[in-house]
Amino acid sequence: MASLCLNSLPLPPSSQPQPKKLVETSLFPSVSYNSTNGLVKGGGESLKPIVISGNPPTYVSAPGRRIVAVGDLHGDLEQTRCALEMAGVLSNDGQDLWVGGETVLVQLGDILDRGEDEIAILSLLRSLDIQAKSQGGAVFQVNGNHETMNVEGDFRYVDPGSFDECSDFLEYSDEYQDDWDEAFINWIGVSSRWKENQKSTQNYWGPWNIVKVVMFLNELFVGQRQKGVIARSILMRPGGKLACELARHSIVLKINDWVFCHGGLLPHHVEYGIDRINREVSLWMRGLNETDDGPRIPFLATRGYDSVVWNRLYSRDSSELEDYQIEQAIDARAMVVGHTPQMEGVNCKYNCNIWRIDVGMSSGVLNSMPEVLEIRDNKARVIKSKSSAYSELQAADYT
């Protein structure tokens, strides 16, 4: 299928100001940050600080924290919620509240493509990050190959429903004008209603002549799809609002003594510099790393079979890598990767120096049962469901 590369479209002129919808931005008003990046509870009890280095984050010191890692989500909001509930960080009452306390959550990329609720998931994770920070926790994301593909304008794997979501979100966000953060954080709370409104409009036909209805719907579908493609291009192009949102996140992230990235870190990536990789990709996504021919794509991180987001060498049963290369690559207790669905579920390789946590949970991939990786005191174990109802959980022993 031909690639849709429309990210060179100009941004549209801003629409007329609309009344702003208010949102409660502080869910935990009794908690505040102190000047040294620590946290202070309402009663004055100091918490151990989470220290973040780099912009976007590259190194994170989170002493004493429980870390949970979640693999590829691919636009499936229902499975995302199930995974986060299993991880013990999301409330199960439908209110999308952070219940993880001081836990650190890491999502391994590929939120985009193959599912229809991509922006809703991104909005949910941002909302949870705000709530987590107020309790001494944090939420981090690393970008995967499907994030970089969309910023490049490669829309081959976009679900039709996601084009509609982009169109709806662009219209919705216009009401907020310059307050992008408020619009983006609120989207998780209103996206389902926008989707239902779309379905209601399409189903309102009664006993019309079926031929006329089909012809009209075809014209409507084509028009909506073109509108959705243009909306996605506006949002995802380098410098676009969603591209800038993705630019807040890393390609490689090291938390305590664990490395997290989508495909896998290789020795030449380390030699190049992971902080440099993060910075260059972020600048490209924000449209600031430009040449005369347009934004320069950071090849080492985003292109080629051995780039950070495309690398599958750690996910093969017979790897081309030697033990010493892995040691040079990770320089840590272990590395956690996604990208390649693991038919047997979350597993580790190379004496558990490499953890592979993409289980293909999205309905657009394998629709498998969610699983998450939990790390405590430098030891890891897998949390998975015993039943389709997600009511019973089981955890493997720490390794």
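**Sheet, core and salt bridges in the predicted model**

Strand β10 (residues 258–261) and strand β13 run parallel and are joined by 3 bridges. Within this pairing, V259 stands opposite M335 of β13. The structure described here is a predicted model. On its other listed pairing, β13 meets strand β15 (residues 354–356), again in the parallel sense and again over 3 bridges. Here V337 is the residue that stands opposite R356 in β15. In general, the strands of a sheet pair through backbone hydrogen bonds, and the pairing is either parallel or antiparallel.

Strand β13 itself spans residues 334–337. The side chains of this strand alternate in direction: A334 and V336 point one way, while M335 and V337 point the other way. Residues on both sides of the strand are buried, as this holds for A334, M335, V336 and V337.

These strands belong to an open sheet of 7 strands, arranged in the order β4-β5-β9-β10-β13-β15-β14. The pairing in the sheet is mixed. At the two edges lie β4 (51–53) and β14 (347–349), each of which pairs on one side only. On average, and with direction ignored, neighbouring strands of the sheet are turned by 20° against each other. A further parallel pair in this sheet is formed by strand β5 (residues 59–61) and strand β9 (residues 252–255), with 2 bridges between them. In that pair, Y59 has K254 of β9 as its bridge partner.

The chain as a whole contains 11 helices and 18 strands. Of its 399 residues, 51% are buried. Among contacts in the chain with a separation of 6 or more, 67% are made by residues 24 or more positions apart.

Helix α1 (residues 77–86) was examined in more detail. Of its 10 residues, 7 are buried, so the helix is largely enclosed by the rest of the structure. The buried residues are L77, Q79, T80, C82, A83, L84 and M86. The N-terminal end of α1 is capped by D76, which has a side-chain oxygen 3.3 Å from the backbone nitrogen of E78. After the helix comes G88, a residue with a positive phi near 80°.

One of the buried residues of α1, L84, also stands out in the largest nonpolar core. This core has 95 residues, and those that touch the most other members are L84, L105, I255, F260, M335, W355 and L373. Helix α2 (residues 118–133) gives the most to the core, with 8 residues. When neighbours within four places in sequence are left aside, the contacts of L84 are V70, V89, L90, L105, L124, L125 and L128. M335, listed among the core residues above, is the residue of β13 that faces V259.

Charged side chains were considered next. The whole structure holds 16 salt bridges. One of them joins R81 to D96, with the closest N and O atoms 2.9 Å apart. R81 lies in helix α1 and D96 in the loop between α1 and β7 (104–107), so the pair ties together parts that are 15 residues apart in sequence. The two partners differ in exposure. R81 has a relative accessible area of 24% and is partly exposed, whereas D96, at 12% relative accessibility, counts as buried, because the cut-off for burial is under 20%.

A second salt bridge is formed by the side chains of E245 and R126, at 2.8 Å from N to O. This pair links distant parts of the chain, with E245 in helix α7 (residues 241–246), R126 in helix α2, and the two positions 119 residues apart. Both E245 and R126 are buried.

A third salt bridge connects E280 with R276, and its closest N and O atoms are 3.2 Å apart. In this case the two residues share an element: E280 and R276 are both in helix α9 (residues 274–285), where their separation of 4 residues is about one turn of the helix. R276 is partly exposed, with a relative accessible area of 37%. Salt bridges also link R66, E374, R376 and R381 in a network.

Methods
Residues are numbered from 1 along each chain as its sequence is written. This is a predicted model: local features need pLDDT of at least 70, side-chain atom pairs count only at pLDDT 80 or more; totals for chains, interfaces and linings use all residues. Side-chain values use heavy atoms; hydrogens and water are left out. Two strands pair if DSSP finds at least two bridges between them. Axes are lines fitted to C-alpha atoms, for helices over the stretch in contact, and angles run from 0 to 180 degrees between N-to-C directions. Buried means under 20% relative accessible area, exposed over 50%, partly exposed in between (1.4 Å probe, protein chains only). A polar contact is a pair of N or O atoms within 3.5 Å; within protein, one must be able to donate a hydrogen and the other to accept it, and residues adjacent in sequence count only if both atoms are side-chain atoms. A nonpolar core is a set of buried Ala, Val, Leu, Ile, Met, Phe, Trp, Tyr and Cys residues joined through side-chain atoms within 4.5 Å. Contact means heavy atoms within 4.5 Å. A salt bridge is a side-chain nitrogen of Lys or Arg within 4 Å of a carboxyl oxygen of Asp or Glu.
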